[in-house]
Amino acid sequence: MTAPPQTSTSGPRQSGLRATLADLRNASDRHRSLTIVVAMVITTVLMYILPAIPPLSIVQGRGIWYDSFANAGVFVLLAMGLNVVIGMAGLLDLGYAAFFAIGAYAYAYSNSPFSGTDLPFIPMLFVGAAVAGIFGILLGAPTLRLRGDYLAIMTLGFGEIVPIVFLNIDKFTQGTNGIGGIYRPEPLPFLGAFSPNSPFNYFIVMVVIVTITMILLYRLQDSRIGRAWNAIREDELAAAANGINTVTTKLLAFSLGATTSGLAGVFNASKLTIVSPDQFLFTVSFTVLAMVILGGMGNIWGVAVGAFIVYNIQAVFLKSINGVLETIGVPDFTLPIVNLHVDLAKVPFVDYQFLLYGVALVLMMLLRPEGLFPNQRRRQELHIAEEFEGGEGVETAGGMGAAPGGGETGGTL
Amino acid sequence: MTSLASPASPARPLGRGLRFGGLAIAAIVLYTLALWLALPGQTGLTSQQAFPVAIQQTVNALSIGAIYALIALGYTMVYGIIELINFAHGDIFMVGAFMAIVFIGGIMGQSGPVDNIPFLIILIGGALLFTMPIIGILNVSIERLVYRPLRNAPRLAPLITAIGVSFILQNVALVVAGSGDRRAPQVFPLSWQINVGGASISVLSIFIFALALTLMIGLQLFIGRTRLGRAMRATAQDREAASLMGVDQNQTIALTFLLGGMLAAAAGLVWGLRFGFVRQDLGFNSGLKAFTSAVLGGIGNITGAAIGGFVIGFIENFASALGYSRWSEFLVFMVLTLVLIFKPSGLFGQATGDRA
């Protein structure tokens with residue numbers, strides 16, 4: 001994926017390759033939607049070809065790769081949606097999986113033997129997304145009036161409760177068993193029917209959904225609303241003073257995040273053909289959060305790439321690493337002092353994924369809070385505190401809310 | 001009410017304490033009566049059979065409430081001082097529970113309940129002396145390593161870090177102890193029971209309640225009467241002003257984490273004794289309930305958090321006594337929602353400024 005850059009370069013004209021690159025950047029800034037489409041087409045072609053040739057083809061078959069890519073797309077959607085909430089509006093949503101669940105159950109109700117209805121897939125994408133969005137408004141409206149931390153804990157609670165409710169109202173949801181046998185989407189022109197053996201259809205549909213979502217989100221980011229989110233995130237009081245209705249604007253971000261999550265839920269339900277409460281535990285919200293943080297809060301394409309990479313690490317790399325190690329034949333060894341027997345091929349790497357995410361989150365926050373692919377504006381915000389701290393003794397040290405030195409006189413005059 | 005942020009200490013503490021104790025007893029009696037009235041309709045017991053059950057359940061509610069209250073204190077103190085929802089606090093409690101059962105299991109081995117009272121006192125006392133400092137120091141180290149560098153960062157950063165720490169603790173416990181329940185040894189003999197109104201109340205429940213109460217009073221006295229406690233209150237009220245008056249910020253914040261960790265460790269020990277198992281995901285749920293307690297009592301308010309813990313214990317117990325234990329989490333969440341909508345400052349909190 002090529003990046004539509006955040007800032008355009010200006011200044012003295014450079015020559016040769018640099019100038020061409022600068023021109024390209026300016027062009028992609030001016031035609032952002034076109035850039036996204038071109039980037040997605042290139043990515044799709046790569047994702048189509050690469051699984052057929054060695055490094056990837058050794059790990060797993062072609063069909064399975066397309067399947068993985070389609071699943072990764074679900075997380076790309078989730079991450080882009082959560083990015084609106086966390087990255088753009090600066091709200092912490094810890095119950096994101098709840099809206100994913102609501103979208104998935106909405107589709108399960110409309111398309112399964114359990115309910116006896118079989119509604120078309122594409123309209124249901126919007127319906128499921130809308131239902132999730134409405135729940136987002138219901139949850140957000142009371143809480144967004146309060147200070148930010150309360151939203152975190154409310155969403156955490158909500159994310160915890162939704163699977164429990166789906167579990168408990170077993171008359172309507174079949175409890176732990178979940179709703180199974182969900183009908184697959186209608187056949188696509190040229191590509192034929194959806195089936196577990198041809199994941200390519202899901203892959204293509206996902207690419208289209210991600211592309212459209214990305215275009216919409218970029219346009220939103222550059223709009224009046226996007227700027228309002230920036231303003232609220234940076235200083236809510238100042239934003240309110242400038243005439244932004246902070247509650248409505250935050251609510252919009254929150255429910256838009258929920259809507260995207262619901263959309264992903266519908267797709268996921270149609271792909272898995274079963275929904276059950278244990279698919280939507282806190283670990284899902286946490287995984288998506290880790291994706292957003294790693295990718296770079298506020299940077300749409302960065303978050304998408306982050307989600308894609310993290311998903312593939314989790315679902316492909318960690319799963320196949322044991323098999324690969326066994327094939328290569330890594331010898332097992334015993335650590336001398338503690339007398340611990342280590343057989344790398346039998347270490348359950350998959351079980352350690354959340355430990356890795358936890359460590360990654362903490363390290364990112366401490367060392368590189370702007371993520372791997374930072375948004376320039378967000379980076380500056382996240383490093384403001386350091387500037388204050390670094391500027392001790394300089395005039396800035398007297399600024400508001402800056403580090404109250406070391407208790408005693410901090411060397412100020 | 002002793003709030004971390006309120007400077008005034010009660011004028012006549014004993015009188016207030018007595019009045020407060022009276023109110024608490026009245027609330028407990030009311031709860032028992034309410035349960036007694038509600039039980040026959042739901043469970044088909046006669047009202048005569050329901051009475052001992054109601055007493056029994058009240059005692060259960062008090063012991064689970066004591067656990068929530070102890071955890072909630074840690075949330076509320078940390079929030080009062082640095083305005084951080086320490087998501088990892090529930091997991092600190094979980095690690096404390098693990099430590100406690102490792103200690104008790106290590107000393108008792110596979111032997112059954114201890115009916116030798118001096119040995120029992122030594123065992124429990126030793127477990128407290130062992131786990132409380134360790135967990136307190138663990139909490140302080142976490143603060144030192146990951147929260148302190150982010151003290152002046154945007155609010156989102158420490159919150160996300162806390163979530164990360166919570167996951168690290170949980171998954172380290174998973175790797176070390178494996179998934180599933182770890183059984184805790186039965187320390188108190190099951191036969192140790194006191195008969196009250198036809199209900200048999202275990203000595204363990206009384207012990208739990210007494211221990212929690214002692215710790216809470218100790219904390220109150222510490223915060224209300226000592227120099228360090230005053231430093232904590234000053235910091236909670238206005239960090240910058242306190243620091244200008246010569247209060248060491250880092251030391252005070254570390255102290256807060258130390259106290260919170262120690263109380264969580266005690267709660268962990270009590271959990272192990274009471275429920276007989278420990279699991280790595282224990283902290284998440286209990287943490288959420290304890291946080292709800294802290295919000296209910298008015299976050300930043302010490303007494304409020306303790307009372308909130310008991311109230312949540314009662315609510316949860318009421319649901320499970322009437323056969324709706326599956327819905328207890330839902331109920332607690334509804335309480336959280338309603339409190340936040342209608343009285344975000346909690347039952348005993350002062351309204352705080354709405355800083356974004």
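The paragraphs below walk through a predicted model of two chains, A and B, from overall confidence down to single residues.

The model as a whole scores ipTM 0.84 and pTM 0.84. For chain B, the mean pLDDT is 85, and 94% of the residues reach 70 or more. Within chain B, confidence peaks in helix α9 (residues 249-275), with a mean of 93, and is lowest in β2(B), with a mean of 80. The pLDDT drops below 50 over residues 351-356 of chain B, a stretch that has 8 contacts in the model beyond near neighbours in sequence. Where pLDDT is low, the predicted coordinates should not be read in detail.

Chain A is built with 17 helices and 4 strands. Of its 413 residues, 43% count as buried. Among the contacts in chain A with a separation of 6 or more, 74% are made by residues 24 or more positions apart.

Helix α1 of chain A, residues 17-30, offers a simple check on helix geometry. At 1.5 Å a residue, its 14 residues should span 20 Å, and the C-alpha atoms at its ends are indeed 20 Å apart, so expectation and model agree. The number of buried residues in α1(A) is 0, which means that this helix lies largely in the open.

The interior tells another part of the story. The largest nonpolar core contains 223 residues, and those with the most contacts inside it are A:Ala79, A:Ala304, B:Ala69 and B:Leu70. Helix α2 of chain B (residues 47-82) gives the most to this core, contributing 20 residues. In soluble globular proteins, nonpolar side chains tend to be buried together. The surroundings of B:Ala69 can be listed in full: leaving out residues up to four places away in sequence, B:Ala69 touches B:Ala212, B:Met216, B:Ser293, B:Ala305, B:Ala306, B:Gly309 and B:Phe310.

A:Phe99 gives a view of packing within chain A. This residue sits in helix α5 of chain A, residues 96-110. A:Phe99 counts as buried because 38 C-beta neighbours lie inside 10 Å, where 20 or more are needed. Apart from neighbours within four places in sequence, A:Phe99 is in contact with A:Ala132, A:Phe135, A:Gly136, A:Ala258, A:Ser261 and A:Gly262. The C-alpha atoms of A:Phe99 and A:Gly133 are 7.8 Å apart in space, although 34 residues separate the two in sequence.

B:Asp238 provides a contrasting case. This residue lies in the loop between α7 (227-237) and α8 of chain B. B:Asp238 has 12 C-beta neighbours inside 10 Å and therefore counts as exposed, a class that takes in residues with 12 or fewer. Along the chain, B:Asp238 and B:Ile81 are 157 residues apart, yet 9.0 Å separates their C-alpha atoms.

The two chains also meet. In the model, 43 residues of chain B are in contact with 46 residues of chain A. On the chain B side, the elements giving two or more residues are α5 (156-177), α8 (239-244), α10 (282-297) and α12 (328-342). Of these, α5(B) supplies the largest share, with 13 residues. Sorted by class, the side of chain B that touches chain A holds 27 nonpolar, 8 polar and 8 charged residues.

Chain B also has a pair of strands worth following on screen. Strands β2 (residues 193-196) and β3 (residues 199-202) of chain B run antiparallel and are joined by 4 bridges. One of the pairings links B:Val196 with B:Ala199, its bridge partner in β3(B). Together, β2(B) and β3(B) form a hairpin with 2 residues between them, and B:Gly197 in the turn has a positive phi of about 55°.

Positive phi values also turn up in residues other than glycine. A:Thr273 has a phi near 60° and is found in the loop between α12 (246-272) and α13 (282-295) of chain A. With 17 other C-beta atoms within 10 Å, A:Thr273 is partly exposed. In chain B, Glu83 offers a further example: the phi of B:Glu83 is near 55°, and its place is in the loop between α2 and α3 (89-108) of chain B. B:Glu83 is partly exposed, with 17 other C-beta atoms within 10 Å.

Technical notes. Residues numbered from 1 in each chain as written. Chains lettered and ligands numbered in written order. Contact = placed C-beta atoms within 7 Å. Nonpolar A, V, L, I, M, F, W, Y, C, P; charged D, E, K, R; others polar. Pairing = 2+ DSSP bridges. Expected span 1.5 Å × (residues − 1). Core = buried A, V, L, I, M, F, W, Y, C linked by C-beta atoms within 7 Å. pLDDT = per-residue confidence, 0-100.
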